[in-house]
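Hi,

Here is the structure I said I would pass on to you. Have a look at it first, then read my notes underneath.

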Amino acid sequence: MTKSPSTLGIILFIATMIVFFVVYTFFSGINYFDISLKANAFVLPLLYAGAAFWSVKIYWNNHRVVTFKEAFKRAFVPMFIGGILSIFSIYAFLNFADTDAKKLLNYQYVQRQKSELDTEYTSARKILKHQKDIDELDQKYNERVQSFSPEAVKGKDMLTASHFSGYFAAILIFYVVLSVFFGAFFRTRSVYQPEETNQD
C-alpha cells in the first residue's frame with residue numbers, strides 16, 4: 001500500500017502502458033483503432049478514477065481533518081503524473097519506435113470517419129421525401145466525400161505533437177472535474193456543537 005501520490009502516479013503510468021501494449025500486441029489488426037478508442041473511453045477512465053479514489057481514501061483513513069485542497073491534490077497528482085508520462089511515452093512510441101502502427105491508426109481513423117459519413121447519409125436519404133431535399137443531401141455528401149479522396153487524406157496525421165497536446169488538455173478537464181468531486185466528497189465537514197450552558 002502506497003501513501004505517496006507521486007508513487008501512485010508512477011504505478012498508474014505503468015498500468016496505462018500495460019493497457020496500451022496489450023491492445024498493441026493482441027489487437028493491432030483491422031480493429032486496432034476501434035479497440036484503442038474503447039480502451040481510452042472505458043478502461044482508462046475507470047483505472048484513473050479508481051487510482052484517484054484510492055489515493056484520497058488512504059489519506060482520509062489516516063487523518064482526522066482533510067481539507068478540500070488536500071483531497072483535491074491527492075486525487076489530481078497521481079492522475080496528472082500517470083497521464084502526462086503516458087502521453088509522452090505513447091507519442092514517442094508511435095512517432096519513433098513503430099511508425100507502421102501510427103500509419104495504421106491514421107488509416108483506420110479516416111476509414112471510420114468515412115463509414116460514419118456513409119451511415120449518416122444512408123439514414124438521412126431514407127427519411128427524405130422531396131426530391132429537392134434529396135438532391136441537396138446528395139450534393140453535400142459528394143462534397144464531403146472529396147475530403148476522403150487519396151489525395152486529400154495523404155499525409156493526414158492525427159498523432160502529431162499538437163494533437164497529443166489537445167488530447168491531454170481534454171483529459172486534464174476530466175482530471176480536474178474528478179478531483180473536485182473527490183475533494184468535495186472527502187473533505188472533513190465541520191460539525192457545530194453548541195456549548196452546554198450550566199443553569200443554576
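Below is what I found, going from the whole chain to the pockets and then to a few single residues.

First things first: this is a predicted model, so please keep that in mind as you read.

**The whole protein**

Start with the elements. The protein has 7 helices and 0 strands, so if you walk along from the N terminus you simply pass α-α-α-α-α-α-α. How spread out is the protein, next to a compact globule? Its radius of gyration is 24 Å, while the globule rule gives 16 Å for 200 residues, so the protein is more spread out than a compact globule. You can also look at the box that the C-alpha atoms fill, which is roughly 95 × 50 × 25 Å along the principal axes.

As for the surface, the protein exposes about 13400 Å², and 62% of that comes from carbon and sulfur atoms. Buried residues account for 33% of the 200 residues. Then there are the contacts: if you take those between residues at least 6 apart in sequence, 79% join residues at least 24 apart.

**The pockets**

A bit of background: you can find empty space by rolling a probe the size of a water molecule over the atoms.

The largest pocket holds about 810 Å³ of space. Its lining has 27 residues, and S36, N40, L44, I87 and I171 are the ones nearest the centre. Which helices supply at least two residues each to this lining? They are α1 (5-27), α2 (32-62), α3 (68-97) and α7 (161-186). Helix α2 has the largest share, with 9 residues. If you sort the lining by class, you get 22 nonpolar residues, 5 polar ones and no charged ones.

The second largest pocket has about 230 Å³ of space. Residues lining this pocket include K102, K103, N106, Y107, F148 and D157. Here helix α4 (residues 99-127) gives the most, namely 6 residues. The classes in this lining come out as 4 nonpolar, 3 polar and 4 charged.

**Three residues to click on**

Try L178 to begin with, which you will find in helix α7. Is L178 buried or exposed? Its relative accessibility is 15%, so L178 counts as buried, given that buried means under 20%. Leaving out neighbours within four places in sequence, L178 touches A49 and M79. You could also check L178 against Y48: the two are 130 residues apart along the chain, yet their C-alpha atoms are separated by 9.5 Å.

Next comes V177, also placed in helix α7. V177 has a relative accessible area of 53%, so V177 is exposed, as the cut-off for exposed is over 50%. Its C-alpha atom is separated by 9.5 Å from that of F76, and these two residues are 101 apart along the chain.

Last, go to K126 in helix α4. K126 is exposed too, with a relative accessible area of 65%. What separates the C-alpha atoms of K126 and A169? The distance is 39 Å, for two residues that are 43 apart along the chain.

That's it from me. Send me a note once you have clicked through it.

Cheers

Note on methods
Residues numbered from 1 in each chain as written. Predicted model: local features only at pLDDT ≥ 70, side-chain atom pairs only at ≥ 80, totals over all residues. Heavy atoms only, no water. 1 Å grid on protein atoms, 1.4 Å probe; cavity = no way out; pocket = protein on both sides within 12 Å on 5 of 7 lines; lining within 4 Å. Points joined across faces, edges and corners; volume = space filled by probe spheres on them. Helix = DSSP H or I, 4+ residues; strand = E, 2+ residues; numbered from the N terminus. Nonpolar A, V, L, I, M, F, W, Y, C, P; charged D, E, K, R; others polar. Rg over C-alpha atoms; globule rule 2.2 N^0.38 Å. Buried < 20%, exposed > 50% of the residue type's maximum accessible area, 1.4 Å probe, protein only. Contact = heavy atoms within 4.5 Å. Areas by Shrake-Rupley, 256 points an atom, 1.4 Å probe, with all protein chains shown as cover.
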